[in-house]
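Let's take a friendly walk through a protein model. Have the sequence at hand and rotate the structure as you read.

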Amino acid sequence: MPLKNFMTNPNLQPLVIIGGGPAGYTAAIYAARAGLSPVLYQGPQPGGQLTITGEVENYPGYPNGITGTAMMEDFRAQATRFGAVIKEGIVTKVDFSGYPHWLLLNNGAEVWAQSVIIAAGASAKWLGLPSEKKLYGKGVSACAVCDGFFFKNETVVVVGGGDTAAEESLYLSKLCKKVHLLVRKEAMRASKIMQERVFKQDNIQVWFDTAVQDIIGEEAVEAIQAIHVISQKTSTIAATGLFVAIGHQPNSAPFLPYLTVDNQGYIQVEAGKTATNIPGIFAAGDIQDPYYRQAVTAAGTGCMAALEAERFLHTPPDASFQKK
Ligand code: NDP
């Protein structure tokens, strides 16, 4: 339960940052340099989604590209250099009904914060088939970089039509004998450059207007049952792996009771800012961005959130807000 006499609480932090991706680390760099002593909880995937991607080619400052993992290590080193405290921990519950803000971690620890930057990112979406759940980790995956190695010289299926699906297919095409890419519409949504790379790769076969109807196998994936969405004709594709690359959903569940979100669960922020509907709570990165979802835009909003938190901490909320 939140404390009454919070000013004497040793667990009261000026600024807690939730999430260790580009947005969270950038917020930590700015906040630490501003002397706000931020504490950052990394969440379930330290380094964020970039750690499960391959080469990052479009982040400014890395002309030869860099792996996502190495880039996030650079971000982290820069944040700790200025005194940001990086901790393991997942925020599972919050109370933003008054001041200070209260957070509960997965290890049961409680933290109180004068301000919070939520940069908890987004997670992969799943198809929702019972067979997908049953065969998860037994051939079904959402991360080619993590699991592709297990399918060396085998045949796999990738589902999705965006940049992630293109990237996963290209990565797998270097390891696997054959990659079938199932795109549910008549065209891919991926950027032109990624599409061109996919179409040029001899061992990638693209199936348009095609969806996954079922995944066949008991103990391991044996085949994918695909359906042509127009003709309704089904095909069985023999494959040992299915990589699901159909987009992401924001990790906003713990904050839903307090924060305004859109119909997909993305936290809504003031136009051109990162302020949420609760004073002192800011949102940065993919958790508030259904549109751009790039590492560089996430970092940009992390910077904005830190600057807004700094201003907020210099002008504490009025007495009516301090109701605990
Ligand atoms: P997107 O939301 O861009 O694409 C999701 C794709 O999955 C769409 O083609 C969608 O189809 C398809 N899809 C959704 N649900 C299903 C389903 N149930 N069955 C079959 N197909 C489905 O997500 P991404 O993860 O690809 O990309 C997210 C963002 O990250 C984008 O902004 C992208 O540009 C960016 N990104 C950039 C990269 C880079 O620059 N190198 C690499 C990876 C991502 P439909 O088109 O029919 O809706």
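The report below looks at two sheets, a pair of helices and the surroundings of a ligand.

Keep in mind from the start that this is a predicted model.

Let's begin with the sheet of five strands. This sheet is open, its strands follow the order 10-17-11-12-13, and the pairing is parallel. Find strand 10 (140–141) and strand 13 (204–207) at the edges: each has a single partner strand, so one side of each is left without a neighbour in the sheet. Strand 13 is joined to strand 12 (residues 178–182) by four bridges, and the two run parallel. If you would like a pair of residues to look for here, try His 180, which stands opposite Gln 205 in strand 13.

Now bring helix 5 into view. Helix 5 lies across strand 11 (155–159), strand 12, strand 13 and strand 17 (241–244). Relative to strand 11, helix 5 runs at about 170°.

Helix 5 also has a helical partner. Two packed helices are described by the angle between their axes and the distance between the axes. Helix 5 (residues 163–175) packs against helix 6 (residues 192–200) at an angle of about 35°, and their axes are 9 Å apart. The crossing of helix 5 past helix 6 is left-handed. On the helix 5 side, the contact is made by Asp 163, Ala 166, Glu 167 and Leu 170, while helix 6 brings Met 194, Arg 197 and Val 198. Sorted by kind, the residues of this contact are four nonpolar, no polar and three charged.

Next comes the ligand. Which residues are closest to the ligand? Of the 19 residues that surround the ligand, the closest are Asn 58, Asp 163, Thr 164, Arg 184 and Arg 189. Asp 163 is a name you have already met in the contact between helix 5 and helix 6. Glu 167 returns here as well, with a side-chain N or O atom 3.2 Å from a nitrogen atom of the ligand. The table lists polar side-chain atoms and their distances to ligand atoms.

| Residue | Ligand atom | Distance |
|---|---|---|
| Glu 167 | nitrogen | 3.2 Å |
| Arg 184 | oxygen | 2.9 Å |
| Lys 185 | oxygen | 3.1 Å |

Finally, turn to the sheet of three strands. This open sheet has the order 14-15-16 with antiparallel pairing. Strand 14 (210–216) and strand 16 (234–238) are the edge strands, each pairing on one side only. From one strand to the next, the twist averages 30°. Strand 14 and strand 15 (residues 223–228) run antiparallel and are joined by six bridges. To find your place, look for Asp 214, opposite Gln 225 in strand 15.

How values were computed: Residues numbered from 1 in each chain as written. Predicted model: local features only at pLDDT ≥ 70, side-chain atom pairs only at ≥ 80, totals over all residues. Heavy atoms only, no water. Axes fitted to C-alpha atoms, helices over the stretch in contact; angles between N-to-C directions. Left-handed = near helix turned anticlockwise from the far one by under 90°. Contact = heavy atoms within 4.5 Å. Nonpolar A, V, L, I, M, F, W, Y, C, P; charged D, E, K, R; others polar. Pairing = 2+ DSSP bridges. Near = heavy atom within 4 Å. Polar contact = N/O pair within 3.5 Å; in protein donor to acceptor, adjacent residues only side chain to side chain.
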